[in-house]
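Please find below some notes on the two-chain model, set out as numbered points for discussion.

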Amino acid sequence: MNSSALTMMLVTEITVACITIYFFYKILKTPPKKEPDSFSENDAEK
Amino acid sequence: MSNNKEAWGSRVGLILAMAGNAVGLGNFLRFPVQAIQNGGGAFIIPYLVCFLLMGIPLLYVEWSMGRFGGKNGHHSTPFILDSMDKRKFWKYIGVFGIFTNLAVAAYYCYLESWTLSWVWHSVTGSFSGQTQAEVASFFGSYISLETLEPIVFWLICLVLNTWILSRGLSGGVEKVAKIGMPLLLIFGAILAFIAVTLKAGEHGAINDGTMGLNFLWTPDFSTIWTPKVWLAAAGQIFFTLSIGMGSIQCYASYVRSKDDIALNAMGAGWMNGFVEIVLGSAIIIPIAVGYLGIDTVVEMTKNGGLGLGFKTLPYLFDQFGGALGIMCGVLWFGLLFFAGITSSLAMGTPCMGFLQDEFGWKREKAAWAFGATVLLLGLPTVLFFNYGVFDEYDYWAGTVSLVVFALFEIILFAWVFGMDKGWKEITTGADMKVPVVFKYIIKFVTPLMLAWVFISSLPGIWSQIKNEAIDKQILAATDPAVIEQLKTQLLYVNISRVGLLLVWLAVAYLVYVAYKKRIKEGRFTS
């Protein structure tokens, strides 16, 4: 691959991957809100 | 009264379902072709700018509109829009949010059924030992309905979609997303690895797979100031995020008002971006260039990525030989199937939400009504595919309607509902700090960009209305049989156009009936 294509690809893909992972990490780490919330699966855990 | 007691099972399930709604066949077939045709690696610059200035703002707007509507028990756009302003006409603008889903599902389910059929043919070795022309001819025979197989797979696909929808949000849609999205990522990663590590001389390849990547990512910065490239980027953002359809509002309407939408919107939106940019660019073009060379691929992609995906890739996978060839076929069409079904399920929920909310229908009845309507509307796209009916649906419902609806909804949200109230809706319960710059982007930049996209599309719309492309073909044709075929195509195209208009009017009539019913029952309207 030529250097401009490689740079373009790596910069874009690493940026997009990092942002995606960051938001997913934040979603998974954020504690759920108090019941009643929007989700039924955690209702029994109250 | 509404029978709508739907709820999401989990937050991850909601995000995967929303990402599945966005991730479709276009992520793998349309994006790489758009990139090739619009400046290669440089295309990513207008693409990301449009994502930031149009995609993300519209995601915030649609998620918050949905959650706002859900507070008052509205799960489809007619009455979500109605609840945001006193003027009565907004509910008829909201008709687009049901019409688009019905009309797109009508042809999209047929496309989805091809992927199911191609998985089957990959497993049974139908493409084994065939030449490239024979595989392409198989596709031609398939869409010409030379056997009943396309109808059978289409019906299987429709019944499967309807059955999953009848199981509800958490019991059906969310379960499919939780299985389908991880599998899609795994399948995509395996195929991308195989494509990128393809070596010239191995399995009959003439080039390295990286030559395809090089071709796709080499930036041609001279194109960056071309309006055509920006229009292509804006169009791709529309297609890829499923904005302007009404399905995001519907999914978000089942989120309670104190729960987050801002972070959820970013999670789903960027996941779609990851699939499109990282995986979408690394499969079809590297393999195609590896076997066919750049010139042939450029020629083949002039008509879009569909032909490359269905007519050429099965032949190329066969060159891998044996189990690897079969595995790649199953992974590729399996991936497309998961991308397709998670999107088509999202198209069913607004229509079901409307029937449940307004007419008190049970979920199962609403799902089967949706399935039956899609069967009816989709039949012309299956039977008359070769006469351009499929493309006509795609143009009006899958392209023009999205832009029109998005333009109206951003005006409603930012200028009628009011940006201060709108900003409060976006940030209430947010698990992240939404950059305040988006308040101004939503108010000023996004409407202008949408207006620019719409105005730029007007000459094309006018040309489509006048059937200029077909007329030109008729004028250029000399063979009487071809002229006759084109005239028949013109007839079918006009009939399907009138049909789509009638569908819009029928949905508008149902909205009118629902409105009268609400008044009679003393239920909330604006």
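The points below take up chain A, its contact with chain B, three helix pairs and some backbone details.

1. The coordinates are those of a predicted model, and the values quoted here should be read with that in mind. Chain A is a chain of 46 residues, of which 20% count as buried, and its secondary structure consists of 1 helix and 0 strands. Taken along the principal axes, the C-alpha atoms of chain A fill a box of roughly 55 × 15 × 15 Å.

2. The contact between the chains draws 31 residues from chain B and 23 residues from chain A. On the side of chain B that touches chain A, two or more residues are given by each of helix 1 (11–22), helix 11 (209–217) and helix 14 (262–279) of chain B, and helix 14 of chain B supplies the largest share, 9 residues. By class, this side of chain B is made up of 17 nonpolar, 9 polar and 5 charged residues.

3. M8(A) gives a local view of where the chains meet, and it lies in helix 1 (residues 3–29) of chain A. Setting aside neighbours within four places in sequence, the contacts of M8(A) are with G41(B), I44(B), W217(B) and P219(B). Why does M8(A) count as buried? There are 22 other C-beta atoms within 10 Å of M8(A), and the class of buried residues begins at 20.

4. Further along chain A, the peptide bond that joins E35(A) and P36(A) is cis, with omega at about 0 degrees. P36(A) belongs to the segment after helix 1 of chain A, and a colleague checking the backbone may wish to look at this bond.

5. Within chain B, helix 20 (residues 389–416) and helix 22 (residues 437–465) have axes that come within 10 Å and cross at roughly 150 degrees, which makes helix 20 of chain B roughly antiparallel to helix 22 of chain B, as angles over 145 degrees are classed in that way. The crossing of helix 20 of chain B past helix 22 of chain B is left-handed. Among the residues that make the contact are V400(B), V403(B), L407(B) and I411(B) from helix 20 of chain B, and L450(B), F454(B), S457(B) and I461(B) from helix 22 of chain B. The contact of these two helices comprises 16 nonpolar, 3 polar and 1 charged residues.

6. Helix 20 of chain B also deserves a comment on its own course, since it has a kink of about 35 degrees centred on S401(B). After helix 20 of chain B comes G418(B), whose phi is positive, near 105 degrees.

7. A second pair is formed by helix 9 (residues 149–166) of chain B and helix 19 (residues 363–383) of chain B, which pack at an angle of about 155 degrees with their axes 9 Å apart, so that helix 9 of chain B is roughly antiparallel to helix 19 of chain B. The crossing of helix 9 of chain B and helix 19 of chain B is right-handed. The residues in contact include W154(B), L158(B) and N161(B) of helix 9 of chain B, together with R363(B), E364(B), W368(B) and F370(B) of helix 19 of chain B. Sorted by class, the contact of helix 9 with helix 19 of chain B has 11 nonpolar, 4 polar and 2 charged residues.

8. The third pair is helix 7 (residues 96–123) of chain B with helix 18 (residues 322–359) of chain B, where the packing angle is about 160 degrees and the axes are 8 Å apart. These two helices of chain B, helix 7 and helix 18, are therefore roughly antiparallel to each other, and helix 7 passes helix 18 of chain B in a left-handed crossing. Their contact has 21 nonpolar, 10 polar and 1 charged residues.

9. What is the sign of phi at H203(B), which is not a glycine? Phi of H203(B) is positive, about 55 degrees, and H203(B) sits in the loop between helix 10 (169–196) and helix 11 of chain B. H203(B) is partly exposed, with 17 other C-beta atoms within 10 Å.

10. S242(B), a residue other than glycine, likewise has a positive phi, near 55 degrees, and its place is in the loop between helix 12 (227–241) and helix 13 (247–252) of chain B. S242(B) counts as buried, with 29 C-beta neighbours inside 10 Å.

Definitions and conventions: Residues numbered from 1 in each chain as written. Chains lettered and ligands numbered in written order. Predicted model: local features only at pLDDT ≥ 70, side-chain atom pairs only at ≥ 80, totals over all residues. Contact = placed C-beta atoms within 7 Å. Helix = DSSP H or I, 4+ residues; strand = E, 2+ residues; numbered from the N terminus. Nonpolar A, V, L, I, M, F, W, Y, C, P; charged D, E, K, R; others polar. Axes fitted to C-alpha atoms, helices over the stretch in contact; angles between N-to-C directions. Parallel < 35°, antiparallel > 145°, perpendicular 65-115°, else oblique. Left-handed = near helix turned anticlockwise from the far one by under 90°. Bend = angle between axes of the 7 residues up to and from the residue. Buried ≥ 20, exposed ≤ 12 C-beta atoms within 10 Å, placed from the backbone.
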